[in-house]
Amino acid sequence: MTNAANLLKFLLTILFLAQTSIHVCAQNSKEDKYYSNSNRHWLVEIPLWVPGFRGQLAYGDFNFSSSGSDEEKDYNRITSDAGIGFYFVGRISAQYNKLWFQADAFSGEVVSAFSYTSLTGNNETEFVNIKIQGTIPRLVLGYSVWEKSNENSFKIEIIPYLGIRYVSFHLQSEVFVSTNIMDVKPNWFEPLIGLYVPLIYKRFKIEIQADYGTTGTKNSWVVSNRYRYRISKLVDVQLGWNLIRLYHKGIVDAQELESTIRLFGPTAGVGFRF
């Protein structure tokens with residue numbers, strides 16, 4: 001229940017900050033709140049992400065998979081006491097003319113049930129909870145190569161970017177025995193290339209962002225969309241969706257780990273513009 005309590009406290013804090021900002025900035029005209037009329041370059045965000053966890057894991061003699069079946073969900077619900085799993089997302093971005101910068105990081109943990117074939121020789125399907133704790137910071141720099149706008153406060157841009165990402169996660173099985181089936185901590189740096197497309201209309205903003213990073217035997221995809229509404233010159237609120245796919249193949253603790261991990265789910269948060 002600890003995670004659920006922290007989640008509730010976080011959401012209440014967000015609501016309090018948003019409500020306070022609305023009262024402070026209530027004197028702004030509607031036109032002042034349009035994205036196209038803003039001269040604020042910096043954005044600081046504190047979204048919350050509640051991801052699902054799926055994938056395939058091969059480590060040593062074990063091959064695990066999670067597809068979200070009813071049996072896996074029932075096992076996870078009965079045996080896991082982790083409560084609601086969520087990730088905090090910290091993000092800072094800025095744009096000066098055509099130059100765009102962003103630094104962000106995902107950090108948190110989530111548990112999901114995985115199935116595997118028993119090694120006792122009876123070929124029965126068994127289940128185990130696997131927890132992933134991850135920290136994934138990213139730093140990127142982009143340049144607007146195309147934009148279109150009109151007098152009705154509409155604007156769209158295309159911003160390709162380059163950057164670097166650090167992937168670090170801890171995979172640990174949750175079983176009721178003294179020895180875990182899996183307890184590994186792979187990590188790597190990777191260069192990345194991506195595309196950011198913001199579309200604004202008055203107080204509304206839609207953002208689509210996707211990038212790919214690789215080191216050869218390890219790679220990752222990150223795809224995000226965000227829907228913003230500007231409630232004042234200082235504050236906007238957002239809803240969205242994130243998908244992170246992580247692939248790793250290599251030796252970890254003297255055994256080969258090949259993993260394809262998918263983290264996906266909704267986001268919600270508040271942004272402050274300066």
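Modeller: Let's pin down one word before we look around: a residue is buried with under 20% relative accessible area, exposed with over 50%, and partly exposed in between (1.4 Å probe, protein chains only). What you see is a predicted model, in which local features need pLDDT of at least 70 and side-chain atom pairs count only at pLDDT 80 or more, while totals for chains, interfaces and linings use all residues. Numbering runs from 1 along each chain as its sequence is written, and side-chain values use heavy atoms, with hydrogens and water left out.

Biologist: Okay, let me try that out. Is arginine 226 buried or exposed?

Modeller: Look at its relative accessibility, which is 3%. The limit for the inside class is under 20%, so arginine 226 counts as buried.

Biologist: Which residue does the side chain of arginine 226 meet in a salt bridge?

Modeller: In general, side chains of opposite charge can pair when their charged atoms come close. We call it a salt bridge when a side-chain nitrogen of Lys or Arg is within 4 Å of a carboxyl oxygen of Asp or Glu. Here the N to O distance is 2.9 Å, and the partner of arginine 226 is glutamate 207.

Biologist: How many residues apart in sequence are the parts that this pair ties together?

Modeller: Strands (E, at least two residues) and helices (H or I, at least four) are DSSP runs, numbered from the N terminus. Glutamate 207 is itself buried, at 3% relative accessibility. It belongs to strand 12, while arginine 226 belongs to strand 13 (residues 218-230), so the separation in sequence is 19 residues.

Biologist: Let's try another bridge. Which residue forms a salt bridge with arginine 273?

Modeller: Arginine 273 counts as buried, at 9% relative accessibility. The closest N and O atoms of its bridge are 3.2 Å apart, and the O side belongs to aspartate 236.

Biologist: And what is the relative accessible area of aspartate 236?

Modeller: First, where it sits: aspartate 236 is in strand 14 and arginine 273 in strand 15, so their bridge ties together parts that are 37 residues apart in sequence. Aspartate 236 is buried, and its relative accessible area is 0%.

Biologist: How many salt bridges does the structure hold?

Modeller: Besides those two, there is one between the side chains of lysine 155 and glutamate 157, at 3.9 Å from N to O. Lysine 155 is partly exposed at 26%, whereas glutamate 157 counts as buried at 6%. For the structure, the number of salt bridges is 13.

Biologist: Now the rings. How many aromatic pairs does a search of the whole structure find?

Modeller: Rings of Phe, Tyr and Trp (its six-membered ring) pair if their centres lie within 6.5 Å, with planes under 30 degrees apart called stacked, over 60 edge-to-face, and the rest tilted. Ring pairs also link Trp49, Tyr87 and Phe106 into a cluster. Over the whole structure, the search gives 14.

Biologist: How is the pair of phenylalanine 62 and phenylalanine 64 arranged, stacked or edge-to-face?

Modeller: Phenylalanine 64 is buried, with a relative accessible area of 3%. Its ring centre lies 5.7 Å from that of phenylalanine 62, and the planes are at 10°, so this pair is stacked.

Biologist: And the pair of phenylalanine 62 and tyrosine 116, is that stacked or edge-to-face?

Modeller: Phenylalanine 62 is in strand 4 (residues 62-66) and tyrosine 116 in strand 6 (residues 99-117), so they tie together parts 54 residues apart in sequence. Tyrosine 116 is buried too, at 11%. The ring centres are 5.7 Å apart and the planes at 70°, so the pair is edge-to-face.

Biologist: How far apart in space are isoleucine 132 and phenylalanine 53?

Modeller: Isoleucine 132 lies in strand 7 (residues 125-143) and is buried, at 1%. In sequence, 79 residues separate it from phenylalanine 53, but in space, C-alpha to C-alpha, the distance is 8.3 Å.

Biologist: Last one! Alanine 254 has a positive phi although it is not a glycine; about what value is that phi?

Modeller: You'll find alanine 254 in the loop between strand 14 (235-252) and strand 15 (255-273). It is exposed, with a relative accessible area of 72%. Serine 153 has a positive phi as well, near 65°, and for alanine 254 the phi is about 70°.
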